[in-house]
Amino acid sequence: MPKTLRELFVDQFHLCGVQANETIGVISELGQKTEYVEAAVAAARDLGAGALVLTASSLSNPMLPPYSADGREIAALLAGAGECDMVVDVTVGGLIHSDVRTRITGAGKRMLFVAEPPDVLERLMGSTELRSVVETGGKRLKAGTTLKVTSSAGTDLTADISGSELPVTHQWGYVDEPGRWDHWPSGFVACFPHDRTAEGTLVLQPGDALVPWQRYVREPVTLTVEKGFITDVTGGADAFLLRDYFESWEDPEVWALSHMGWGMLPVARWSAFEVYDPRSLYGQELRSTAGNFMWSTGSNRFAGRETPAHLDIPMRNCTVTIDDVAVVRDGRLTEG
């Protein structure tokens, strides 16, 4: 029997190590995802913890320009979140790339974003085993100097990942450490290569995914990358749409490459955009498919780039190597 959303939040809070003497903050938007707010509060109370709901009237989540940032309610959200031990973000677009996330986790708070439908949350729940695999991938990135991705379709791209200070994102779908952010569900590892070092070609194939457009690539697209920026996009209708999207922002930063990594969650399926109403999803299942190569554009807080234009693009059938050691070969994990 499927679990209720409240029961799923209880399971999730157990993974997060929520204690009876803690207070859980829930950040939401007025009239949006109210069932998630109620479930999170009820689950916190089930475990004996306190719960504080912080509701903004609206937080910007533009898909296309024009866009004007409005941060008038942010200070109050941060003040409230500062009194909590853990923050659950159930806003529509999430505070993933915002300064709010950085400031909450920078203060040592755990922060968890939740957006997917209940059955996706249940099916892709994290585990200690997944955490171990993701951490192993992160160690490989930290120890490496060059990330390279190739494919039989023509992808051939390298990026500099040298240095112990390389920013690495480990996502296993729960937050059990102070200052940790994660997205329930998740199962991938990614890094932010040194800015302006990515060079080469990315060739998208039918079945690769465009997130948050929540659809599959329908025909081949070739992207040329020079000094970390996309300089050319060629192909048919999908290439035209990508160029139109990038050009619409009139912002050179949206052409930049951001994070790169690979999926590690075996139960995540490529078919999710066909099986579900794709607009009901946030795209975490595609981001986490085991053996994908997932890269992104635009926002990169480690390079000082903040733009609402951000695409995540999981690709199939790629080979990913770290200093010539394959971690993904032809779309399949080599370990874990």
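Two strands count as paired here if DSSP finds at least two bridges between them. With that in hand, here are the close-ups, all drawn from a predicted model.

**View 1. An open sheet of 5 strands, with antiparallel pairing.** Reading across, the order goes β7-β9-β15-β16-β17. The two edges belong to β7 (168–171) and β17 (312–315), each of which pairs on one side only. Going from one strand to the next, the twist averages 20°. Zoom in on β9 (residues 188–191) and you'll find 4 bridges tying that strand to β15, with the two running antiparallel. For a handy landmark, look for A190, whose bridge partner in β15 is G261.

**View 2. The largest cavity, with β15 in its wall.** How many cavities of 30 Å³ or more does a search of the whole structure turn up? The count is 4, and the largest has a volume of about 70 Å³. Its lining takes in 13 residues, and those closest to the centre are P193, H194, R196, L257 and S258. Strand β15 (residues 257–263) gives 3 residues to this lining, the largest share. Sorted by class, the wall of the largest cavity is a mixed bag: 5 nonpolar, 5 polar and 3 charged residues.

**View 3. The second largest pocket, with α4 and β7 in its lining.** This pocket holds about 300 Å³ of space. Edge strand β7 of View 1 turns up again: both β7 and helix α4 (99–106) supply at least two residues each to the lining. Who's on the wall? The lining residues are R101, T102, T105, V168, T169, H170, E177, G179, R180, W181, R301 and F302. As for their classes, 3 are nonpolar, 5 polar and 4 charged.

**View 4. An open sheet of 8 strands, again with antiparallel pairing.** The strand order here is β14-β13-β10-β6-β5-β18-β19-β20. At the edges sit β14 (229–235) and β20 (332–333), each pairing on one side only. At the β14 end, strand β13 (residues 221–226) pairs with β14 in the antiparallel sense over 6 bridges. One pair to pick out is T222 with its bridge partner T234 in β14.

**View 5. Helix α7 laid across three strands, β10, β13 and β14.** The helix covers residues 237–248, and β10 covers 199–204. How does α7 run relative to β14? The angle is about 145°. In the loop between α7 and β15 comes a residue worth a second look, E250. Its phi is positive, about 50°, although E250 is not a glycine.

**View 6. A parallel pair, β1 and β2, and the helix between them in the chain.** Strand β1 (residues 23–29) and strand β2 (residues 50–56) are joined by 7 bridges and run parallel. T23 is a good place to start, with G50 as its bridge partner in β2. On the way from β1 to β2 the chain passes through helix α2 (residues 34–46). Left- or right-handed, this β-α-β crossover? Right-handed.

**View 7. Two cis peptide bonds, one into P185 and one into P212.** Start with W184 and P185: the bond joining them is cis, with omega about 0°. P185 is in the loop between β8 (181–184) and β9, and β9 is the strand bridged to β15 in View 1. Where does P212 sit? Look in the loop between β11 (209–210) and β12 (215–216). The peptide bond there, from V211 to P212, is cis too, with omega near 20°.

Note on methods:
Residues are numbered from 1 along each chain as its sequence is written. This is a predicted model: local features need pLDDT of at least 70, side-chain atom pairs count only at pLDDT 80 or more; totals for chains, interfaces and linings use all residues. Side-chain values use heavy atoms; hydrogens and water are left out. On a 1 Å grid over the protein atoms alone, a cavity is a set of points where a 1.4 Å probe fits but cannot get out, and a pocket is an open set with protein on both sides within 12 Å along at least five of seven lines; lining residues have an atom within 4 Å of a point. Grid points are joined across faces, edges and corners, and a volume is the space filled by probe spheres set on the points. Ala, Val, Leu, Ile, Met, Phe, Trp, Tyr, Cys and Pro count as nonpolar, Asp, Glu, Lys and Arg as charged, and the others, Gly among them, as polar. A crossover is right-handed if, with the strands pointing away from the viewer, the path from the first strand over the helix to the second runs clockwise. Contact means heavy atoms within 4.5 Å. Axes are lines fitted to C-alpha atoms, for helices over the stretch in contact, and angles run from 0 to 180 degrees between N-to-C directions.
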